[in-house]
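User: I am new to this structure and would be grateful for a guided reading of some of its elements. Please proceed by question and answer.

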Amino acid sequence: MIPKHISRASDLVTSHQAVCIGFLNQALTKTQKATPYVKEAFSFWQVLQGVSEVSELLQLPEYRDHLLASAGFSDKAMNHLSESELEQALQRVFETILQRSGEHFREEVFFRYLLTKGDALGGQMHNVTGAAGQTRLMEAIQAALKRAGAEYDIVHAANGEKIQRISWDSRRLLFDVKPKLIDKSIDVILLDTSSNEDEEMLLERAAAYLACGELKGGIDPAGADEHWKTAKTALSRIRNKLKRSCPPLFFVAAAIEMAMAKEIFRDLKKGFLTHIANLTDDRQVEDLASWLVSL
């Protein structure tokens, strides 16, 4: 099966214009997400200006999280240590900073804080990129369902950014699931829910799988090939685990370069993949969505 609007490998390649638009959207989103970080950083710097000795830093309970960030602790890392362990770590780090920087310890503490928060913003942007890819595919699926006159229900993750599932008729499309049957995370799974079994049981029954796919929303051409390799490994794992019960597999991504496009198109022609699409091409995404809804 050759999808509509894809007759050759070059049809899959992301255009320069799409890359530019993608980077611009990321920059605008990052600017928006960075605003509260900048506000917090300015407030922290103002407080540091009033500190005359390193020992006074530990007497700022309302800025404890800021100080822990200066010590290199992420929010996740903090959850693995007790209060006493964090206190000891802060003391050791600040003693080291004082030895290294002397009277410039305030700047050292502040710059280290910025480094940790920069990592946090990067992690947040990674999630935003993934959510954007889901949203693009979800919009196309919603449009396909509306054309078919089908009612549907969407469930979002607790943070409100990522989508967990969309259900219609006897179908359920899941995002970012790690079924025991595969023992690894899968970006997209389409399930047949006609048996009325609960979701956990359906995920353990290969016959309930109607399609599995990998979705990569990043637009950076530099990471495109690595994303495809990761996706190919994940899809191969599904095929090896489910063997003859393996459902149709698909791949959809925003960043596709010519070299990987050739490999993807070969995998389509030899039957390893059943469907493919470039997220930046509306016609291709619409065709993929229509195919998923038809299963």
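User: In which sense do S3 and S4 pair, and over how many bridges?

Analyst: This is a predicted model, in which local features need pLDDT of at least 70, side-chain atom pairs count only at pLDDT 80 or more, and totals for chains, interfaces and linings use all residues. Residues are numbered from 1 along each chain as its sequence is written, and side-chain values use heavy atoms, leaving out hydrogens and water. Strands (E, at least two residues) and helices (H or I, at least four) are DSSP runs numbered from the N terminus, and two strands pair if DSSP finds at least two bridges between them. One bridge joins Phe175 to Val188 in S4; the pairing of S3 and S4 is antiparallel, over six bridges.

User: Which residue in S5 stands opposite Ile189?

Analyst: S4 and S5 pair in the antiparallel sense, over four bridges. The residue of S5 opposite Ile189 is Cys212.

User: Why is S4 largely enclosed by the rest of the structure?

Analyst: Buried means under 20% relative accessible area, exposed over 50% and partly exposed in between (1.4 Å probe, protein chains only). S4 is largely enclosed because its buried residues number seven of the seven.

User: Which helix gives the largest share of the largest nonpolar core?

Analyst: A nonpolar core is a set of buried Ala, Val, Leu, Ile, Met, Phe, Trp, Tyr and Cys residues joined through side-chain atoms within 4.5 Å. Of the 35 residues in the largest one, Ile238, Ile264 and Leu273 touch the most other members. The largest share of this core, six residues, comes from H7.
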